[in-house]
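The following exercises are to be worked with the sequence and the structure in view. Each task is followed by a solution in steps.

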Amino acid sequence: MRRDVFQAIADPTRRQIIGLLANASLNLNSIADNFDISRPAISKHIRILTECGLVTIKQEGRERYCSADLKQLKTVADWTAQYHAFWSGKLDDLESFLAKPSRPRRKKQSE
């Protein structure tokens with residue numbers, strides 16, 4: 001089953017794994033040493049990241065080394081860019097509105 005990159009980044013542990021692998025290739029034990037969860041749980045997270053295309057695994061002798069492949073995060077960046085443009089425009093409008101001198105309100109005349 002091919003997973004979506006948004007599924008990968010939805011979990012904080014997987015985001016931390018991506019952060020670790022963005023700096024260096026690590027074997028599974030080295031990754032697991034950074035977390036207080038079981039090695040099988042780390043393996044499951046790695047499998048999901050691999051299915052999403054964010055992690056590649058390379059066999060070197062008896063060790064499996066994981067590396068980040070962050071090109072898939074462009075999908076997330078593209079998706080969020082549309083909202084960034086929208087909210088930037090709204091905030092610019094708000095800034096313009098707040099910068100206008102306020103006119104004093106007229107009191108309603110009582111009958």
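**Exercise 1.** Determine how far apart Asp78 and Lys74 lie along helix H5.

*Solution.* Asp78 and Lys74 are four residues apart in helix H5, which means that about one helical turn separates them. Helices here are DSSP runs of H or I with at least four residues, and strands are runs of E with at least two, numbered from the N terminus. The two side chains form a salt bridge whose closest N and O atoms are 3.0 Å apart. The term salt bridge requires a side-chain nitrogen of Lys or Arg within 4 Å of a carboxyl oxygen of Asp or Glu. Asp78 itself is partly exposed, because its relative accessible area is 44%; buried means under 20%, exposed over 50%, and partly exposed in between (1.4 Å probe, protein chains only).

This is a predicted model, in which local features need pLDDT of at least 70 and side-chain atom pairs count only at pLDDT 80 or more, while totals for chains, interfaces and linings use all residues. Residues are numbered from 1 along each chain as its sequence is written, and side-chain values use heavy atoms, with hydrogens and water left out.

**Exercise 2.** How many salt bridges does a search of the whole structure find? Describe the partners of Arg47 and Lys71.

*Solution.* The search of the whole structure finds three salt bridges. One of them joins Arg47 to Glu51, with the closest N and O atoms 3.5 Å apart. These two residues are four apart in helix H4, so about one helical turn lies between them. Arg47 is partly exposed because its relative accessibility is 41%, and Glu51 is partly exposed at 21%.

Lys71 forms a salt bridge with Asp69, where the closest N and O atoms are 3.6 Å apart. Lys71 is exposed, with a relative accessible area of 65%, whereas Asp69 is partly exposed at 21%.

**Exercise 3.** In what order do the three strands of the open sheet stand? Work out which strands are at its edges.

*Solution.* The order is E1-E3-E2, and the pairing is antiparallel. Strands E1 (26-27) and E2 (55-60) each have a single partner strand, so they stand at the edges with one side lacking a neighbour in the sheet. Two strands count as paired if DSSP finds at least two bridges between them.

Next, take the pairs in turn. E1 and strand E3 (residues 63-68) are joined over two bridges: Leu26 has Cys66 as its bridge partner, and Asn27 has Tyr65. Helix H2 (residues 12-23) packs on this sheet, touching E1, E2 and E3, and its direction makes about 95° with that of E3. Helix H4 (residues 39-51) also packs on the sheet, touching E2 and E3, at about 115° to the direction of E2. Contact means heavy atoms within 4.5 Å; axes are lines fitted to C-alpha atoms, for helices over the stretch in contact, and angles run from 0 to 180 degrees between N-to-C directions.

E2 and E3 are joined by six bridges, and Thr56 stands opposite Ser67 in E3. The two strands form a hairpin with two residues between them, and Gly61 in the turn has a positive phi of about 65°.

**Exercise 4.** Is Tyr83 buried or partly exposed?

*Solution.* Tyr83 belongs to helix H5 (residues 73-99). Its relative accessibility is 40%, so Tyr83 counts as partly exposed.
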